[in-house]
Amino acid sequence: MPSPRVRSAAVALLLLAGLATGCTSGTGPRRVEIRIHYSHFDLTQLSVPHGVPITFVLINEDPIDHEWLIGDAAFHEKHRRGTEAHHGARPNEVSISPIDVAETTLIFNTPGTQQFICHIPRHEAYGMVGTLTVT
Ligand SMILES: [Cu+2]
(Lines give C-alpha, C1' and ligand atoms only; values in the text may rest on other atoms or scores of the structure.)
Protein backbone atom coordinates (compact mmCIF):
# COMPACT_ATOMS: atom_id res chain seq x y z
CA MET A 1 0.00 0.00 0.00
CA PRO A 2 1.82 3.19 -1.11
CA SER A 3 1.83 6.15 1.20
CA PRO A 4 -0.29 9.20 0.22
CA ARG A 5 2.93 11.09 -0.58
CA VAL A 6 4.03 8.48 -3.14
CA ARG A 7 0.61 8.48 -4.80
CA SER A 8 0.53 12.26 -5.24
CA ALA A 9 3.99 12.15 -6.85
CA ALA A 10 2.66 9.66 -9.41
CA VAL A 11 -0.27 11.96 -10.24
CA ALA A 12 2.09 14.90 -10.75
CA LEU A 13 4.18 12.82 -13.15
CA LEU A 14 1.10 11.87 -15.17
CA LEU A 15 0.05 15.54 -15.41
CA LEU A 16 3.51 16.52 -16.63
CA ALA A 17 3.47 13.77 -19.25
CA GLY A 18 0.08 14.98 -20.49
CA LEU A 19 1.32 18.55 -20.84
CA ALA A 20 4.54 17.60 -22.57
CA THR A 21 2.90 15.48 -25.23
CA GLY A 22 -0.14 17.71 -25.78
CA CYS A 23 -3.52 16.73 -24.44
CA THR A 24 -5.53 16.97 -27.63
CA SER A 25 -5.70 14.25 -30.20
CA GLY A 26 -6.41 14.20 -33.91
CA THR A 27 -5.20 16.72 -36.45
CA GLY A 28 -6.33 19.99 -34.79
CA PRO A 29 -3.95 22.47 -33.23
CA ARG A 30 -2.32 21.32 -30.03
CA ARG A 31 -2.00 23.73 -27.14
CA VAL A 32 0.93 23.97 -24.78
CA GLU A 33 0.73 26.35 -21.83
CA ILE A 34 4.00 27.77 -20.57
CA ARG A 35 3.81 29.78 -17.38
CA ILE A 36 6.46 32.36 -16.51
CA HIS A 37 6.95 32.94 -12.80
CA TYR A 38 9.89 34.58 -11.01
CA SER A 39 11.69 34.77 -14.40
CA HIS A 40 11.53 31.05 -15.10
CA PHE A 41 9.52 28.95 -17.56
CA ASP A 42 7.52 26.30 -15.69
CA LEU A 43 8.10 23.86 -18.57
CA THR A 44 11.67 23.55 -19.77
CA GLN A 45 11.53 20.19 -21.58
CA LEU A 46 8.85 19.86 -24.24
CA SER A 47 8.24 17.38 -27.01
CA VAL A 48 5.94 18.00 -29.97
CA PRO A 49 5.35 16.16 -33.23
CA HIS A 50 6.57 17.65 -36.49
CA GLY A 51 4.15 18.85 -39.15
CA VAL A 52 1.33 19.71 -36.73
CA PRO A 53 0.26 23.24 -35.67
CA ILE A 54 1.23 23.81 -32.05
CA THR A 55 -0.27 26.75 -30.18
CA PHE A 56 1.90 28.05 -27.36
CA VAL A 57 0.06 29.97 -24.65
CA LEU A 58 2.63 32.10 -22.82
CA ILE A 59 1.40 33.25 -19.43
CA ASN A 60 3.52 35.95 -17.83
CA GLU A 61 2.75 36.09 -14.11
CA ASP A 62 5.61 38.50 -13.43
CA PRO A 63 5.31 42.31 -13.16
CA ILE A 64 8.07 42.72 -15.79
CA ASP A 65 8.44 42.10 -19.54
CA HIS A 66 9.61 38.75 -20.87
CA GLU A 67 10.27 37.20 -24.27
CA TRP A 68 9.81 33.77 -25.75
CA LEU A 69 12.06 33.29 -28.74
CA ILE A 70 12.40 29.84 -30.25
CA GLY A 71 14.96 28.66 -32.77
CA ASP A 72 18.27 26.93 -33.37
CA ALA A 73 21.70 27.83 -32.01
CA ALA A 74 22.47 30.35 -34.77
CA PHE A 75 19.13 32.10 -34.22
CA HIS A 76 19.84 32.52 -30.50
CA GLU A 77 23.39 33.69 -31.06
CA LYS A 78 21.99 36.46 -33.28
CA HIS A 79 19.40 37.44 -30.66
CA ARG A 80 21.95 37.51 -27.83
CA ARG A 81 23.60 40.36 -29.73
CA GLY A 82 20.31 41.79 -31.05
CA THR A 83 18.84 45.16 -30.29
CA GLU A 84 15.15 44.59 -31.05
CA ALA A 85 13.25 45.91 -28.07
CA HIS A 86 9.93 44.32 -29.00
CA HIS A 87 8.93 41.17 -30.84
CA GLY A 88 5.63 40.25 -32.41
CA ALA A 89 5.94 40.30 -36.20
CA ARG A 90 7.34 36.75 -36.41
CA PRO A 91 5.47 33.83 -34.78
CA ASN A 92 8.66 32.38 -33.25
CA GLU A 93 9.53 35.68 -31.54
CA VAL A 94 7.05 36.82 -28.91
CA SER A 95 7.17 39.59 -26.31
CA ILE A 96 4.88 39.15 -23.31
CA SER A 97 3.89 42.21 -21.31
CA PRO A 98 3.79 42.13 -17.49
CA ILE A 99 0.84 40.08 -16.15
CA ASP A 100 -0.33 39.23 -19.64
CA VAL A 101 -0.89 36.27 -21.93
CA ALA A 102 0.41 35.89 -25.48
CA GLU A 103 -0.36 33.14 -27.95
CA THR A 104 1.50 31.98 -31.03
CA THR A 105 1.05 29.03 -33.34
CA LEU A 106 3.97 27.31 -35.04
CA ILE A 107 4.46 24.27 -37.25
CA PHE A 108 7.82 22.53 -36.94
CA ASN A 109 8.55 20.73 -40.19
CA THR A 110 11.85 19.12 -39.26
CA PRO A 111 12.49 16.78 -36.33
CA GLY A 112 15.28 18.00 -34.08
CA THR A 113 15.97 20.15 -31.05
CA GLN A 114 15.33 23.85 -30.59
CA GLN A 115 15.62 26.12 -27.61
CA PHE A 116 13.26 28.78 -26.30
CA ILE A 117 14.95 31.62 -24.46
CA CYS A 118 14.11 35.04 -23.04
CA HIS A 119 16.74 37.40 -24.42
CA ILE A 120 16.03 40.35 -22.17
CA PRO A 121 19.43 41.17 -20.66
CA ARG A 122 20.49 38.69 -17.94
CA HIS A 123 17.30 36.58 -18.17
CA GLU A 124 18.96 33.72 -20.06
CA ALA A 125 21.78 33.57 -17.52
CA TYR A 126 19.18 33.60 -14.73
CA GLY A 127 17.60 30.47 -16.24
CA MET A 128 14.93 31.49 -18.76
CA VAL A 129 15.85 28.66 -21.12
CA GLY A 130 13.91 25.63 -22.33
CA THR A 131 14.34 22.86 -24.86
CA LEU A 132 11.78 21.73 -27.41
CA THR A 133 12.23 18.40 -29.11
CA VAL A 134 10.43 17.97 -32.43
CA THR A 135 9.77 14.26 -33.01
CU1 LIG B 1 12.57 37.22 -19.26
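Me: A strand is a DSSP run of at least two residues. Which residues make up strand E3, and which of them are on its covered face?

Reply: In this predicted model, strand E3 covers residues 45-48. Leu46 and Val48 form its covered face, while Gln45 and Ser47 form the uncovered one.

Me: What makes E3 and E9 a pair of strands?

Reply: Two strands pair if DSSP finds at least two bridges between them. E3 and strand E9 (residues 129-134) are joined by four bridges, so they meet that condition. The two strands run parallel, and Leu46 stands opposite Leu132 in E9.

Me: Why is E3 called an edge strand of its sheet?

Reply: Look at the order of this open sheet of five strands, E3-E9-E8-E5-E6, in which the pairing is mixed. E3 and strand E6 (93-96) each have a single partner strand, so one side of each has no neighbour in the sheet. From one strand to the next, the twist averages 20 degrees.

Me: How do you know that E5 and E6 pair?

Reply: The same kind of count works here. At least two bridges are needed, and four join strand E5 (residues 66-71) to E6, so the two count as a pair. They run antiparallel, and the bridge partner of Glu67 is Ser95 in E6. Helix H2 (residues 73-80) packs on this sheet, where it touches E5, E6 and strand E8 (112-117). The direction of H2 makes about 145 degrees with that of E5.

Me: There is another open sheet, with four strands. Which strands stand at its edges?

Reply: Its order is E2-E1-E4-E7, again with mixed pairing. Strand E2 (40-41) and E7 are at the edges, because each has a single partner strand and one side without a neighbour in the sheet. E1 and E2 are joined by two bridges and run antiparallel. Two bridges are just enough, since the requirement is at least two. Within that pair, Phe41 in E2 is the bridge partner of Ile36.

Me: What makes an atom a donor of the copper ion, and which atoms qualify?

Reply: For copper, a donor is an N, O or S atom within 2.8 Å of the metal. His66 (ND1), Cys118 (SG), His123 (ND1) and Met128 (SD) lie 2.0 to 2.5 Å from the ion, so they fall within the cut-off. Along the chain, these donors follow the spacing H-x51-C-x4-H-x4-M.

Me: Why is the arrangement around the copper ion called irregular?

Reply: To be tetrahedral, four donors need all angles between 85 and 135 degrees. Here the angles run from 88 to 137 degrees, so the upper end falls outside that range. Square planar would need opposite donors over 155 degrees apart, and 137 does not reach that, so irregular is what remains.

Me: How do you know that His123 and Met128 are buried?

Reply: Buried means under 20% relative accessible area. His123 has 12% and Met128 has 0%, so both count as buried. In the whole protein, buried residues make up 36% of the 135 residues.

Me: Why is His50 called partly exposed, and Arg122 exposed?

Reply: Exposed means over 50%, and partly exposed lies between that and the 20% limit for buried. His50, at 39%, therefore counts as partly exposed. Arg122, at 70%, is over the upper limit and so counts as exposed. His50 is in the loop between E3 and E4, whereas Arg122 is in the loop between E8 and helix H3 (123-126).

Me: Which residues does His50 touch beyond its sequence neighbours?

Reply: Contact means heavy atoms within 4.5 Å. Leaving out residues up to four places away in sequence, His50 touches Phe108, Asn109, Thr110, Pro111, Val134 and Thr135. His50 and Thr135 are 85 residues apart in sequence, yet 5.8 Å apart in space from C-alpha to C-alpha.

Me: What makes a group of residues a nonpolar core, and how many are in the largest one?

Reply: The members are buried residues of certain kinds, such as Leu, Phe and Trp, joined through side-chain atoms within 4.5 Å. The largest core has 23 residues. Those with the most contacts inside it are Ile34, Phe56, Trp68, Phe108 and Leu132.

Notes:
Residues numbered from 1 in each chain as written. Predicted model: local features only at pLDDT ≥ 70, side-chain atom pairs only at ≥ 80, totals over all residues. Heavy atoms only, no water. Buried < 20%, exposed > 50% of the residue type's maximum accessible area, 1.4 Å probe, protein only. Donors = N, O, S within 2.8 Å, 3.2 Å for Na, K, Ca; no water. Tetrahedral: all angles 85-135°; square planar, octahedral: opposite > 155°, others 65-115°. Axes fitted to C-alpha atoms, helices over the stretch in contact; angles between N-to-C directions.
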